[in-house]
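Please open the structure in a viewer and keep the selection tool at hand. The tour proceeds by selections, each followed by an account of what is found there.

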Amino acid sequence: MDPLTDIPRVRSDSTSSTVSQGSRSKMLLRHRLSQLLTCIEDMSSDDEVSEEVSRTLDEAFQLCGRFVPTDSFRLHMVTWNVATAEPPEDLTSLLYLDVQPPTDLYVIGLQEVNAAPVRFISDLLMEDSWSHIFMKTLSPSGFVKVTSVRMQGLLLLMFAKQIHLPYIRNIQTTYTRTGIFGYWGNKGAVSVRFSFYGHMICFLNCHLAAHMNYALQRVDEFEYILESQEFDFSETPHVLDHKVVFCFGDLNFRIADHGLHFLRSSINSGRVNLLWDKDQLITMKKKEPFLQEFEEGELHFKPTYKFVRNSDAYDTSSLKTWLGFNGKKRKPAWTDRILWRIKPKSPPEAEEDEKAMTSTDDGQNKYPILVTQEKYTSDMSYGVSDHKPVIATFSLELRKYFDTPLVHVSPVGVWCRDKVALLNYTIQEDFMSSTWDWIGLYKVGFKCASDYETFVWVREGDLPETKEVIQISVNKDEIPLLGGQYVLGYYSTNLQSLIGISDTFDIMESKRAVMEELVPENINGLNQ
């Protein structure tokens, strides 16, 4: 069964990812809207109503006329409060690695990663265990860690298919503390923003205040985070300036009023929809204008907190306070959520009674983006934490601002350990290059930008001119002895990303490796 088709999509009218199919969809939608307008005009005798309907449908016609996205990308998101646990050995079922069409981006937000002092310091020196296992799981499928950001127990990881790396630019991460009067990072948010084929996107991994009675504090913390986080980009200095924002994490909202017996009955009978009207986040969205700009798929999965570890049973033991147990029983809750927001076409106050648009444009009506949630669920098979992980998959349909990498890089001739290797690179578009930029040699399946076999600095002295072909050499002793499949990647120090990737090429085995019959486990006579 395809995991993306077992529940209805949040939007069923998503535009096709090809221009020709998009044109057919547009024509069909125009025809249907025209029929609808005719029916409404026949039914309505109220001039005001008719005028309003006509205006709304005219806007829809205009949108149809300009919204013809040319590419579709799949985003897979995970949020999981891991409660200081070590990762399980197998995370594949969490990631839908075999889904079709394949995933393009993974964004993973974890809360309560073990941040004990000794452990936290060791994680600063090397990859933490969660980052390591996600990289190990995703890299064989061609995914590279683009960036990560951590604040104590909050961890945000972003992975992309290798082919997209040159088109992910202007990456910046930041964080906001909200724990203990804003001085402690056990609560708060970490975020990453970047440009994806020119579209400004921001991901915000949050861990808000706990306990039933702190719903208002959670809303205040969420609003504070959105307002206080700043980025060094004039077009998008704040979170809500981005074209698309995803806010997710352990938001800690609870199910109010309903008793434990009713909750259990509703969950066990599969009627979790009976609990929606008392969910604090759903309730707060009705009161808070800024929350109304965010969308969320329907909660068709069981509440994800709080479970007895390594089981599917809810922990309904008595709550513990500073003074001991208070007698109140824990109640299941949807604490772990994934929301998204499309930047409104006009300020919210100008459209008080209207929901935020689900598509937007750049002012020139040329580069729109459409976000469609395909799936929103949890994975009950993981038991290392008292939370269950929540998964959301999205289709991002957009028109690219550009499709040419900033730098073209390629090997010259045959590469092997027996001779000096050569490579060419060309600056294809002006950017803030630096003599600290470097070109790495990566084995196919590499995990991140620092996972290179060797590297060379770009040309010293004068910065290159646009379209100038520059050739540099790689010491033969740095070339892998046994050969294999590799790529070259140009890393920009200022942009902090790989902005040019070569095609895959073969490095030939050296004559020495052939003569000595070396194998990967016995290189240079050393048993590894």
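The stops below run from the whole chain to its core, its salt bridges, one helix, a cavity and some backbone details.

**The whole chain**

Begin with everything displayed, bearing in mind that this is a predicted model. The chain contains 10 helices and 25 strands. Half of the picture is interior: 50% of the 528 residues count as buried. Among contacts with a separation of 6 or more, 70% are between residues 24 or more positions apart.

**The largest nonpolar core**

Select Phe-203, Phe-246 and Phe-394, the members that touch the most others in the largest nonpolar core, a set of 57 residues. Next, colour strand 14 (residues 390-398), which gives the most to this core, with five residues. In soluble globular proteins, nonpolar side chains tend to be buried together.

Now centre the view on Phe-203. Which residues is Phe-203 in contact with, leaving aside its neighbours within four places in sequence? They are Leu-75, Met-77, Val-107, Leu-156, Val-190, Ser-191, Val-192, Phe-194, Phe-246 and Phe-248.

**Salt bridges**

The whole structure has nine salt bridges. Select Asp-279 and Arg-337, whose side chains form one of them, at 3.0 Å from N to O. Asp-279 belongs to the loop between helix 7 (260-268) and helix 8 (280-285), and Arg-337 to strand 11 (residues 336-342), so the pair ties together parts that are 58 residues apart in sequence. Both Asp-279 and Arg-337 are buried. Add Glu-296 to the selection to show a network of salt bridges linking Asp-279, Glu-296 and Arg-337.

Move next to Lys-388 and Asp-312, where a salt bridge spans 3.7 Å from N to O. Lys-388 sits in the loop between strand 13 (369-378) and strand 14, while Asp-312 sits in the loop between helix 9 (289-292) and strand 9 (318-321), so this pair ties together parts that are 76 residues apart in sequence. Are the two partners buried or exposed? Lys-388 counts as buried because its relative accessibility is 1%, whereas Asp-312, at 57%, is exposed.

Lys-306 and Asp-315 form a further salt bridge, with the closest N and O atoms 3.8 Å apart. Lys-306 is buried at 15% relative accessibility, and Asp-315 is buried at 18%.

**Asp-336 in strand 11**

Select Asp-336, which is placed in strand 11. With a relative accessibility of 0%, Asp-336 counts as buried. Display Thr-304 as well: Asp-336 and Thr-304 are 32 residues apart in sequence, and their C-alpha atoms are 6.7 Å apart. Beyond neighbours within four places in sequence, Asp-336 has contacts that include Asn-81, Asp-250, Tyr-305, His-387 and Lys-388.

**Helix 7**

Turn to helix 7 and select its buried residues, Leu-260, Leu-263, Ser-266 and Ile-267. Viewed down the axis of helix 7, these buried residues fall within an arc of 130 degrees, so they line one face of the helix. An α-helix has 3.6 residues a turn, so residues three or four places apart point the same way. Rotate to the face turned away from the buried side of helix 7, where His-261 and Asn-268 are exposed. Just after helix 7, Gly-270 has a positive phi of about 75 degrees.

**The largest cavity**

There are three cavities of 30 Å³ or more in the structure, and the largest holds about 40 Å³ of space. Select Trp-415, Leu-423, Ile-439, Gly-440, Leu-441, Thr-454, Phe-455, Val-456, Val-474 and Leu-488 to show the lining of the largest cavity. Strand 18 (438-443) and strand 19 (454-457) each supply at least two residues of this lining.

**Backbone details**

Most residues other than glycine have a negative phi, and most peptide bonds are trans. The remaining selections depart from that pattern.

- Gln-100 to Pro-101: this peptide bond is cis, with omega near -5 degrees. Pro-101 is in the loop between helix 3 (92-95) and strand 2 (105-111).
- Tyr-305 to Lys-306: this peptide bond is also cis, with omega near 0 degrees. Lys-306 is in the loop between helix 9 and strand 9.
- Tyr-96: its phi is positive, near 50 degrees. Tyr-96 is in the loop between helix 3 and strand 2, and is buried at 14% relative accessibility.
- Glu-112: its phi is positive, near 60 degrees. Glu-112 is in the loop between strand 2 and helix 4 (117-125), and is partly exposed at 32% relative accessibility.

Methods. Residues numbered from 1 in each chain as written. Predicted model: local features only at pLDDT ≥ 70, side-chain atom pairs only at ≥ 80, totals over all residues. Heavy atoms only, no water. Core = buried A, V, L, I, M, F, W, Y, C linked by side-chain atoms within 4.5 Å. Buried < 20%, exposed > 50% of the residue type's maximum accessible area, 1.4 Å probe, protein only. Helix = DSSP H or I, 4+ residues; strand = E, 2+ residues; numbered from the N terminus. Contact = heavy atoms within 4.5 Å. Salt bridge = Lys/Arg side-chain N within 4 Å of Asp/Glu carboxyl O. Arc of directions from axis to C-beta. 1 Å grid on protein atoms, 1.4 Å probe; cavity = no way out; pocket = protein on both sides within 12 Å on 5 of 7 lines; lining within 4 Å. Points joined across faces, edges and corners; volume = space filled by probe spheres on them.
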